[in-house]
Amino acid sequence: MKATIVATAFLAGAMALAPLTALSKVGGGDVEFNPKGSGMVLFKHESHVSYKGFKCADCHYKTFQMGGTSYKIDMSALTKGAFCGKCHDGTRAFDVKDANSCKRCHKD
């Protein structure tokens, strides 16, 4: 009887902590994009969620699906205000159209 109570309490505790473990990497961690003809882009959820104060629903599912390959993301879409370009428009955040900003996202 005591073993059943202990096992039940342990299981309940583990279930209560499971969501916290899933959130240990903010937003699921970093997402890597490897666009053709350009340097790799590493999207850091941490900087957008923790530092900027965004919530998941601010971007998902309005601007992005869950998962890095949900949509075809390319610069022509960004410069028209889609995806990253929705906020990175020169007003809310640095402008994706500004050639001086390329290295902020694209790594060699």
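The following paragraphs lead through a predicted model, beginning with its sheet and moving on to its loops and its nonpolar core.

The sheet is a convenient place to start. It is an open one, built from three strands in the order β1-β2-β3, with antiparallel pairing. The strands at the edges are β1, which covers residues 31-33, and β3, which covers residues 106-107, and each of these pairs on one side only. Between β1 and β2, the latter made of residues 40-43, there are three bridges in the antiparallel sense, and two of the facing positions can be followed residue by residue: E32 stands opposite L42 of β2, while F33 stands opposite V41 of β2. The two strands β1 and β2 form a hairpin in which six residues lie between them, and G37, placed in the turn, has a positive phi of about 75°. On the other side of the pairing scheme, β2 is joined to β3 by two bridges, and these strands also run antiparallel. V41 has a bridge partner here as well, namely H106 in β3, so that the reader can trace a path from F33 to V41 and from V41 on to H106.

From the sheet, the path turns to the loop between α3, residues 56-59, and α4, residues 75-78, where Y61 lies. H60 is found in the loop between α3 and α4 too, and the peptide bond that joins H60 and Y61 is cis, with an omega of about 10°. Most peptide bonds are trans, and most residues other than glycine have a negative phi. H60 counts as buried because its relative accessible area is 18%, which is under the 20% limit for that term. Leaving aside residues up to four places away in sequence, H60 touches H45, Q65 and M66. A polar atom of the H60 side chain also lies 3.3 Å from the backbone oxygen of F64, and this contact leads on to F64 itself.

F64 is buried, with a relative accessible area of 17%. Beyond residues up to four places away in sequence, F64 touches C59, Y71, I73, F83 and C84. One of these partners, F83, is found in the loop between α4 and α5, the latter covering residues 102-105. Although F83 is not a glycine, its phi is positive, near 50°. F83 is likewise counted as buried, because its relative accessibility is 13%.

What kind of aromatic pair do F64 and F83 form? The structure holds one aromatic pair, and this pair of F64 and F83 is tilted, with 5.8 Å from centre to centre and 35° between the planes. Because F64 lies in the loop between α3 and α4 and F83 in the loop between α4 and α5, the pair ties together parts that are 19 residues apart in sequence.

Both residues also have a place in a wider group. Which residues make up the largest nonpolar core? This core has five residues in all, and they are F64, A77, L78, F83 and V96. The two rings of the tilted pair, those of F64 and F83, therefore belong to residues that are buried, at 17% for F64 and 13% for F83, and that are members of this core.

Key:
Residues are numbered from 1 along each chain as its sequence is written. This is a predicted model: local features need pLDDT of at least 70, side-chain atom pairs count only at pLDDT 80 or more; totals for chains, interfaces and linings use all residues. Side-chain values use heavy atoms; hydrogens and water are left out. Helices (H or I, at least four residues) and strands (E, at least two) are DSSP runs, numbered from the N terminus. Buried means under 20% relative accessible area, exposed over 50%, partly exposed in between (1.4 Å probe, protein chains only). A nonpolar core is a set of buried Ala, Val, Leu, Ile, Met, Phe, Trp, Tyr and Cys residues joined through side-chain atoms within 4.5 Å. Contact means heavy atoms within 4.5 Å. Rings of Phe, Tyr and Trp (its six-membered ring) pair if their centres lie within 6.5 Å; planes under 30 degrees apart count as stacked, over 60 as edge-to-face and the rest as tilted. Two strands pair if DSSP finds at least two bridges between them. A polar contact is a pair of N or O atoms within 3.5 Å; within protein, one must be able to donate a hydrogen and the other to accept it, and residues adjacent in sequence count only if both atoms are side-chain atoms.
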